[in-house]
Amino acid sequence: MRYVGFEVYEKSMHPVGSSVVCMARDVDETLIICVSQGGAAESLGFTGQDLGDGRLRVPLTHENACVLRRLFPFTAPVRGLRRGRSFGVGDRLGIATPGHIRVFEHYDVFPVFAQQSIRELNLTGRTYDDVLDAVSFAVFQEGFTQGFGADGDHLKTAQDVEYALSLGFSMITLDCSDYIKPEGTQALSLSPGDKDKYLNKTFTLGEGLSLSFSEKELLHCIGVYADALAFVRDIYTRFFTDARYAADFEISIDETSTPTSPLQHFFVAKELTDAGVSFATLAPRFCGAFQKGIDYRGDLPQFEAEIRVHGVIARHFGYKLSIHSGSDKFSVFPSIGRETRGVFHIKTAGTNWLEAMRVVAQVDPGLYREVHHYARAVFEEASAYYQVTPDLSRIPEVEALTDAEVPGLLDHPDARQLIHISYGLILNKKNPDGSYTFKDRLYRLWKSHEGLYAQALAAHIEKHIRLLGVQKR
Ligand SMILES: [Zn+2]
């Protein structure tokens, strides 16, 4: 809609005193317009350019994002993991949030719109300020006032935790993998305290589940997890007992080479709870393969049996199960929804990038072919960042496909994985003159087809939520 000489986003009109703040498009640029009713432009704290007639043109800088979050608290992240169900989507490119909002405004699921790992930041050349600012602007643009979270995902050091918290991130996912010893590691001996606590005992968890430890199993649990537990306790004491920070805490023990057994899950949860560590969610490593961007691969009945037990353990201690690499795991969503009794945290990350590439394939098959070629050429390098096993020989030759067939590649599991893992290399590829080979062209395309992208992404994420058993409200 037209307003004060600009094409503005209708849902972004927000009054502050006698002024109106809204988001507008000006050719290729999105910006904030601050309009004062009474003559001279009122800045409200924003830094911008006076356009006359009481209008201030406000660029989307970090400083202005901070002002926006102060003026409109709904644009700042809040804690929400303790409430019912939650879903982390992340916004790898900084353009996905409008599409995500189209889904979450209709479902009773707390969304975590900002959710990036340090690996993703490095591969996309972004910072946490940038990630959070993009989400704040999008939430304002779409008038989404229901609240959202921001997750410093898979953080491995105190320094990174502090970085995310200092920016106001509302959730920290602590990745313990550097401290988890390989399967088979055993403690040398058991302390009298450990023997007393765990041996010759049956732990009754309710719902028909009870667990007990043999001496060997206990030696094994301590051997594998003792250092990780010390790491969690240290981070908790440093950051989560401090009133300055108010964030949800997730324990991630999923990045291991072998699945987390129910006994190991119980041991970790009991040790942390007994040490007074309070956390909202815990991510075990499940059986089977949760590879990025494709459906579950593994033994479905076994998965169902194990998630049932993991669910009981989580309920016993009072936290939620967190399921990582959740994108496209359509065959296991019904059992996840059922066995968690609809109380879960799911994370997807790269699927918003894949949907963005689907839009490229639809709108500009030629550009998609170029990107696809490049992804194939750098596959070896890209596969160093992610654990995936695509078979490139199964991917149809992109040159042999008609324009109309090109988007179909984004439904092909091997092609999805190929594109999924190469995002960093694709975005960072430069020409000899130093300009980006793909990045600027891709962002221009996404900007001029933002409605199409929002629609594609919303449909894709909605499919996840419905299969998890959540009803539209
Ligand atoms: Zn994970």
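**A walk through the predicted chain**

The chain has 17 helices and 17 strands, and the reader should keep in mind throughout that this is a predicted model. Before turning to individual elements, it helps to consider the chain as a whole. Its C-alpha atoms fill a box of roughly 80 × 60 × 45 Å when the box is taken along the principal axes. For a chain of 473 residues, a compact globule would be expected to have a radius of gyration near 23 Å, and the 24 Å computed here agrees with that expectation. Of the 473 residues, 44% are buried. The contacts can be viewed in terms of sequence separation as well: when those between residues at least 6 apart in sequence are considered, 69% of them join residues that are at least 24 apart.

Among the strands, the feature to look for is a barrel. Eight strands close into this barrel, and a reader following them around meets the order β8-β9-β10-β11-β14-β15-β16-β17, with parallel pairing. From one strand to the next, the twist averages 25°. One of the pairings can be followed down to its residues: strand β8, which covers residues 86-88, pairs with strand β9, which covers residues 110-117, in the parallel sense and over three bridges. Within this pairing, glycine 88 stands opposite valine 112 in β9.

The helices offer two packing arrangements that can be read side by side. In one of them, helix α5 (residues 158-166) and helix α7 (residues 215-240) have axes that come within 11 Å and cross at roughly 30°. Since angles under 35 degrees count as roughly parallel, α5 and α7 are therefore described as roughly parallel to each other. Ala158, Val161 and Leu165 of α5 make the contact together with Ile235, Arg238 and Phe239 of α7, and the crossing of these two helices, α5 and α7, is right-handed.

The other arrangement involves helix α11 (residues 351-363) and helix α17 (residues 450-467), whose axes come within 9 Å and cross at roughly 135°. This angle places α11 and α17 in an orientation that is therefore oblique, and the crossing of α11 and α17 is right-handed. On the α11 side, the residues that take part are Thr351, Asn352, Glu355, Ala356, Arg358 and Val359, and they meet Leu452, Tyr453, Ala456, Leu457 and His460 in α17.

Key. Residues numbered from 1 in each chain as written. Predicted model: local features only at pLDDT ≥ 70, side-chain atom pairs only at ≥ 80, totals over all residues. Pairing = 2+ DSSP bridges. Helix = DSSP H or I, 4+ residues; strand = E, 2+ residues; numbered from the N terminus. Axes fitted to C-alpha atoms, helices over the stretch in contact; angles between N-to-C directions. Rg over C-alpha atoms; globule rule 2.2 N^0.38 Å. Buried ≥ 20, exposed ≤ 12 C-beta atoms within 10 Å, placed from the backbone. Contact = placed C-beta atoms within 7 Å. Parallel < 35°, antiparallel > 145°, perpendicular 65-115°, else oblique. Left-handed = near helix turned anticlockwise from the far one by under 90°.
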